[in-house]
Amino acid sequence: MTTKIYEPTEENIKRAAELIKSGETVAFPTETVYGLGANAYDAEAVKKIFAAKGRPADNPLIVHISDMEMLKGITSEVPEYAFRLADKFWPGPLTMIMPKSQKIPHVTSGGLDTVGVRFPSNPVAKELIRLSGLPIAAPSANSSGRPSPTNAGRVYEDMSGKIPAIIDGGECDIGLESTVIALSGNKVTVLRPGKVTAEMISEVLPEADVSVDEAVSKEVAKDAVVASPGMKYKHYAPKADVIILKGSREAYREYVRRHCGDGVFCLLYDESDSIDGVPYICWGSTHEEQAKKLFEVLREFDEKGAKRVYAMCPDTDGIGLAVYNRILRAAGFSVLEV
Ligand code: TXA
Ligand code: MG
């Protein structure tokens, strides 16, 4: 199969919507990362997503909508909290898990009776969903285990020959995937951190019991039952071993000086942190910059042939928790106190 890359013109988005309606897959931009979409109601179409990504069948897909009417079709019940959060955060980078309707096949929900729903804000994504008239199931458009793509070139790298079309909407605004939450009674649990933080959710729902699942910032046992199946899989891994160094900037530099060698690279906040003779990539010093660049930087390390990467550890306030959560997985949970 040849994979075509399309400019996001109205005509091309229409063409992509026709592909979705005919049971094909299409990669498209969202404000978080690129998604690989198919008709969420069509089990055969959704199977093509799993095949193109090499994704384990028990890892459920997020279903994307472009209006609140679509929500009714895919859920069997919408908690009151979901409406209040939707009012504030939709369209945007928040995914809410709700009981699924019969119409959503188990292939889409990874065998679960729930469905993760997201209303993206990216205009190309919204138009694609609207023109196809269907809810679109879409995981990130990377091969399973690779860093999520934040531009069309990276989608092409992983998906060339496996899908018919990619809509090129430029670089993604946020660069990290949506916040995923579970709702149950007065409890809201953050299963995957993102731009919408637990604090922001608490502000909208002051009476709710909002917490962050412990699997967000630590490794869970291999046989543990996790709330979000995606948590147990190795993620975002570049070929290099990534090691997060926790400590002051001086302690970081001292450690790297003592441990540098062939294939060793640094992931730094800023050029001024660099160490003579040790190659590096900077990913910025604000959380927003780090979020936007992380997945791109992880792929660049592969291209440069890095064997080991020492990463400066991001602190975890605001969207920093999302950055930490992703790099922790890229590092296979190796964190050293220095
Ligand atoms: O920003 C995003 O969310 C992007 C864009 C394309 O929208 N999508 C995305 O999808 O990141 P994916 O499949 O790469 O990650 C979805 C995560 C997985 O960890 C999955 O296990 C979890 O959400 N998830 C989805 N549906 C779920 C459900 N019903 N119950 C528990 N976890 C669910
Ligand atoms: Mg993903």
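In which loop is Phe-333 found? The legends below, which refer to a predicted model, begin with this residue.

**Figure 1. Backbone geometry at Phe-333 and Gly-332.** Phe-333 is found in the loop between H10 and strand S16 (335-337). Although Phe-333 is not a glycine, its phi is positive, at about 70°. The relative accessibility of Phe-333 is 23%, so the residue counts as partly exposed, given that buried means under 20% and exposed over 50%. Gly-332, just after H10, likewise takes a positive phi, of about 55°.

**Figure 2. Helix H10 and its surroundings.** Helix H10 spans residues 320-330. Of its 11 residues, 11 are buried, so the helix is largely enclosed by the rest of the structure. The buried residues include the nonpolar Leu-321, Val-323, Ile-327 and Leu-328, together with Asn-325, Arg-326 and Arg-329. H10 also supplies at least two residues of the lining of the largest pocket.

**Figure 3. The largest pocket.** This pocket holds about 840 Å³ of space. Its lining comprises 50 residues, of which Arg-55, Asn-59, Pro-60, Ile-62 and Arg-192 are the closest to the centre. By character, the lining divides into 20 nonpolar, 20 polar and 10 charged residues. Strand S4 (62-64), strand S5 (94-99), strand S6 (114-118) and strand S10 (187-192) are among the elements that each supply at least two lining residues. The largest share, 4 residues, comes from S6.

**Figure 4. The largest nonpolar core, with Ile-181 in close-up.** The core has 64 residues, and those with the most contacts inside it are Leu-85, Trp-90, Met-96, Leu-128, Ile-181, Val-188 and Ile-201. Apart from its neighbours within four places in sequence, Ile-181 is in contact with Leu-94, Thr-95, Met-96 and Ile-97, with Val-188, Thr-189, Val-190 and Leu-191, and with Leu-85 and Ile-201. A second, separate core has 42 residues, including Val-297, Phe-301, Val-323 and Ala-331. In soluble globular proteins, nonpolar side chains tend to be buried together.

**Figure 5. The cis peptide bond between Trp-90 and Pro-91.** The bond joining Trp-90 and Pro-91 is cis, with omega at about -10°. Pro-91 is found in the loop between helix H4 (80-89) and S5. Trp-90 is also one of the residues with the most contacts inside the largest nonpolar core.

Key. Residues numbered from 1 in each chain as written. Chains lettered and ligands numbered in written order. Predicted model: local features only at pLDDT ≥ 70, side-chain atom pairs only at ≥ 80, totals over all residues. Heavy atoms only, no water. 1 Å grid on protein atoms, 1.4 Å probe; cavity = no way out; pocket = protein on both sides within 12 Å on 5 of 7 lines; lining within 4 Å. Points joined across faces, edges and corners; volume = space filled by probe spheres on them. Core = buried A, V, L, I, M, F, W, Y, C linked by side-chain atoms within 4.5 Å. Buried < 20%, exposed > 50% of the residue type's maximum accessible area, 1.4 Å probe, protein only. Contact = heavy atoms within 4.5 Å.
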